[in-house]
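Trainee: I would like to go through the strand pairing of this chain with you, step by step, before I set up any calculation. Could we look at it together?

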Amino acid sequence: MANNINNNLIVFESDPDFSDNSRGLWEYITNNTNYETFWVIRNLQTLNLLQMQGIPCGMINSEISNKMIENAKYLVSSSFEFAYNKRPEQIHISAWHGFPLKLIGFFDSAAAASDENAYNNLKIITTQSDIITATSRFNQLILSGLLAVDPRKVKDTGFPRNDLMFKYDGKTLLKKLVNINLENSNLILYLPTMRKGLKNEGDQFNNNIFNYPDYDPEKIDDFLEKNNAYIIAKLHFADNTYYTKENFKLPKRLIFLDTDLLNNQLLTIYHIMNAFDVLITDYSSVYVDFLLLDKPIIFSCPDLSKYNKDRGFIVDNPKDLMPGSIIMNQNELFTTLDDIFNGVDNYSKIREEKFNLFHSHNDANSSKRLFDEMIKFNNTTSNDASKSIANSFLPNMSPLYQYTLNGKAEFYFDMGNGFNEIDKSIINYQINKMDNYISFELEIPADTKNIRFDPDIIGRWILQDFVVTIDKIEAQYDVLNGNKIGNKIYLAENDPQILIPIKNVNCKELKIGYYCLDSLNSTNELVSLETKLQNMYNEVTLLNKQLTNANNTILSMENSKSWKITKPLRSISKIFKK
């Protein structure tokens, strides 16, 4: 597989498409290097726009995209999209998507509630990542702790997307998106965090864009018109459907930027960020990026207590990490904006004091630093503890091996609806190295026609002297994703299954028993299996050779002169036999 790797190819992904830190890094690489690039895209409209610009790209899961992912030396994602695809000879860069004020990773209760395997999946994708970006030493420590990764692979490069704020004239680009007079207006950027996530987090935007108890869109309009101001709002793309509801009343001077509008111009929020005079947010990490512009930030948090209970923050008091006015209602918003429009910046010194917590760099070189880390990683050997610790789980290497001796048996009962996730039982069990006999006794539900026994989700076990009894009578069975040789069943593939047909629908009791051997620690067993397979192969080879010789003999006879001469006699003989 390594021979297929193109060392000059970098494949990118982001969500939404063509955005975030992946986009910032891509712009640097296309403008400053000779590397080939390719984008994996989800949205067909964005794909067409990129193709019109001559940007190499393909739809996700398409043949061309899968080929590019397989052949690329570098895989760059705004999160961990490519982690499952990544092979050891490839380098996966999680360019990430923000400084986490709210809890994420192993501390995220929302992730745990969404899937019982969420933490296992998180460990897989973070281990598969080789570089994760951060904006400061503090950010490096926070991310490595929340994601439980080796802190040495969390690199303090800065976020590539922030380079765009330094390089583009935001007002010029904003003119392509909104039809208002930008030159003489006070421009407010409103970017709240996602609410419609893995679970409901904080108050939802059901009919109130700010979640204020005193919300009045007409008063907001009067205030904005009086101050020649506009609010340009962009909800998280997962929450876009909220403000399209019929009961959603909005100020006339509040203009929405949705993902499609930005995508149509191939822009991101970071291309236009420096056009704004003030940022309003709640718990979004965008405020950390906006700090680089040294402009006022307003934290609009009427549901602070509820959000803290639903999701939680990385510190006990999130206000300690909020360098700006913290407001709870509409009147406080007006008062705070009045001060800012009149040149009163009460938090300028606090932003300066807290800046180094969030940023080690204040320049447009984050992409270059990340690119240098990519090249550096390619020329060194990884010392990632998350990857190297795998050896400690092997037999006789460390006490960690004992934690691999856990099994999860699943019993599926087909009562006319096939095997399904409802009609099943799960039993967790432990393999004991001293006494490794495993037995199960279960009551068979009425009208069961077939039973499927899955010894475990992985096929590393050898089942010796496997016996199934139904009402104390030994039953027949078939093995799937495994091989039965002699008195042993070798489970060599994932999802091994043993199918047990039920001849009598009135059966009551199922018993299964066997000695469970770990193939990782059963060298003699594997050598014995290899010998048996080799002997079987030799026997099949000998039989094939004998069959070939017999066929050649028959063919030689059929082509002989005597065979052809006696053909009429053989035909007469067949007639007499009939």
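Trainee: Which residue in β3 is the bridge partner of tryptophan 39?

Mentor: Bear in mind that this is a predicted model. Strand β2 (residues 36-41) is joined to strand β3 (residues 57-59) by 3 bridges, and the two run parallel. Within this pairing, the partner that β3 offers to tryptophan 39 is cysteine 57.

Trainee: Through which helix does the chain cross from β2 to β3, and what is the handedness of that crossover?

Mentor: The β-α-β unit made by β1, helix α1 (residues 20-32) and β2 is right-handed. From β2 the chain then passes through helix α2 (residues 44-52) to reach β3, in a crossover that is right-handed.

Trainee: How many of the 6 residues of β2 are buried?

Mentor: On its other pairing, β2 is joined by 4 bridges to strand β1 (residues 6-13), which runs parallel to β2, and there phenylalanine 38 of β2 is the bridge partner of valine 11. Taking buried to mean under 20% relative accessible area, β2 is mostly covered, and the number of its buried residues is 5.

Trainee: Why is one side of β15 and of β20 left without a neighbour in the open sheet, and which residue of β23 is the bridge partner of leucine 480?

Mentor: The open sheet has 5 strands with antiparallel pairing, in the order β15-β14-β17-β23-β20. Because β15 (424-430) and β20 (478-480) stand at the edges, each has a single partner strand, so one side of each lacks a neighbour in the sheet. For β20, 3 bridges lead to the antiparallel strand β23 (residues 497-501), where the bridge partner of leucine 480 is glutamine 497.

How values were computed. Residues numbered from 1 in each chain as written. Predicted model: local features only at pLDDT ≥ 70, side-chain atom pairs only at ≥ 80, totals over all residues. Heavy atoms only, no water. Pairing = 2+ DSSP bridges. Buried < 20%, exposed > 50% of the residue type's maximum accessible area, 1.4 Å probe, protein only. Right-handed = clockwise from strand over helix to strand, strands pointing away.
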